[in-house]
Amino acid sequence: RIVYLWLGDFDAVAQNVSDGDNSNDEILAWEPARAGWRNSAGFKRVLQKLAVVDYWRKHGFPSHCRAVGANDFTCDAP
């Protein structure tokens with residue numbers, strides 16, 4: 001999956017994330033150089049699939065992310 005990040009194929013990244021994956025690839029997505037990924041539709045699908053967005057809406061978004069309306073969010077470089 002990390003190669004998809006480097007290539008900017010964010011939809012392929014999202015399609016290749018599984019719920020029980022213990023890979024560290026997702027950690028790389030938070031690097032400052034990955035700003036394009038963090039606001040891509042693929043990244044948003046991954047976080048929704050992993051219930052991260054539900055958690056954020058219940059407990060608060062991290063300082064570098066914020067809700068945009070009722071169904072979207074955006075993240076800056078951490």
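Here is a walk through the fold, its core, its rings and its disulfide. Keep in mind that this is a predicted model.

Let's start with the overall layout. The protein chain has 6 helices and 2 strands, and if you read along the sequence you meet them in the pattern α-α-α-α-α-α-β-β. Of the 78 residues in the protein chain, 31% are buried. On the outside, the chain exposes about 4,700 Å², with carbon and sulfur atoms supplying 52% of that area. What about contacts between parts of the chain that are well separated in sequence? Among contacts between residues at least 6 apart in sequence, 45% join residues at least 24 apart.

Now for the inside. In soluble globular proteins, nonpolar side chains tend to be buried together. Here, the largest nonpolar core has 12 residues: Phe10, Val13, Ala14, Trp37, Phe43, Val46, Leu47, Val53, Trp56, Cys65, Phe73 and Cys75. Which elements each supply at least two residues of this core? They are α2 (10-15), α5 (41-49), α6 (52-59) and β2 (72-75).

Helix α5 is a good place to pause. Its residues Gly42, Phe43, Lys44, Val46 and Leu47 are buried, and the buried residues of α5 pack against α2, α4 (35-38), α6 and β2. Yes, a lysine is on that list: Lys44 is buried, and its charged end sits over the ring of Phe73, 5.5 Å from the ring's centre. Compare that with Lys49, which also lies in helix α5. Is Lys49 buried or partly exposed? With a relative accessible area of 45%, Lys49 falls between the 20% limit for buried and the 50% limit for exposed, so it counts as partly exposed. Lys49 and Ala14 are 35 residues apart in sequence, yet their C-alpha atoms are 9.3 Å apart in space. Just after α5, Ala51 takes a positive phi of about 65°.

Next, the aromatic rings. A pair of aromatic rings is described by the distance of the centres and the angle of the planes. The count here comes to 3 aromatic pairs. One of them is formed by Trp56 and Phe61, whose rings are 5.4 Å apart centre to centre with 50° between the planes, a tilted arrangement. How do these two partners fare for exposure? Trp56 has 9% relative accessibility, which is under 20%, so it counts as buried. Phe61 comes in at 22%, which is over that cut-off, so it counts as partly exposed. Ring pairs also link these two residues with others: Phe43, Trp56, Phe61 and Phe73 make up a cluster. Phe73 in that cluster is the residue whose ring has the charged end of Lys44 over it.

Finally, follow the chain to the strands. A search of the whole structure finds 1 disulfide, and it is formed by Cys65 and Cys75, their sulfur atoms 2.0 Å apart. Cys65 lies in strand β1 (residues 65-68) and Cys75 in strand β2, so the pair ties together parts that are 10 residues apart in sequence. Why is the disulfide called right-handed? The torsion about the S-S bond is about 110°, and therefore the disulfide is right-handed. Both cysteines belong to the nonpolar core described above. Cys65 counts as buried because its relative accessibility is 4%, and Cys75 is buried as well, with a relative accessible area of 1%.

How values were computed: Residues are numbered from 1 along each chain as its sequence is written. This is a predicted model: local features need pLDDT of at least 70, side-chain atom pairs count only at pLDDT 80 or more; totals for chains, interfaces and linings use all residues. Side-chain values use heavy atoms; hydrogens and water are left out. Helices (H or I, at least four residues) and strands (E, at least two) are DSSP runs, numbered from the N terminus. Buried means under 20% relative accessible area, exposed over 50%, partly exposed in between (1.4 Å probe, protein chains only). Contact means heavy atoms within 4.5 Å. Accessible areas come from the Shrake-Rupley method with a 1.4 Å probe; for residues, only the protein chains shown count as cover. Rings of Phe, Tyr and Trp (its six-membered ring) pair if their centres lie within 6.5 Å; planes under 30 degrees apart count as stacked, over 60 as edge-to-face and the rest as tilted. A charge sits over a ring if NZ of Lys or CZ of Arg is within 6 Å of the ring centre and within 35 degrees of the ring normal. A nonpolar core is a set of buried Ala, Val, Leu, Ile, Met, Phe, Trp, Tyr and Cys residues joined through side-chain atoms within 4.5 Å. A disulfide is a pair of cysteine sulfur atoms within 2.5 Å.
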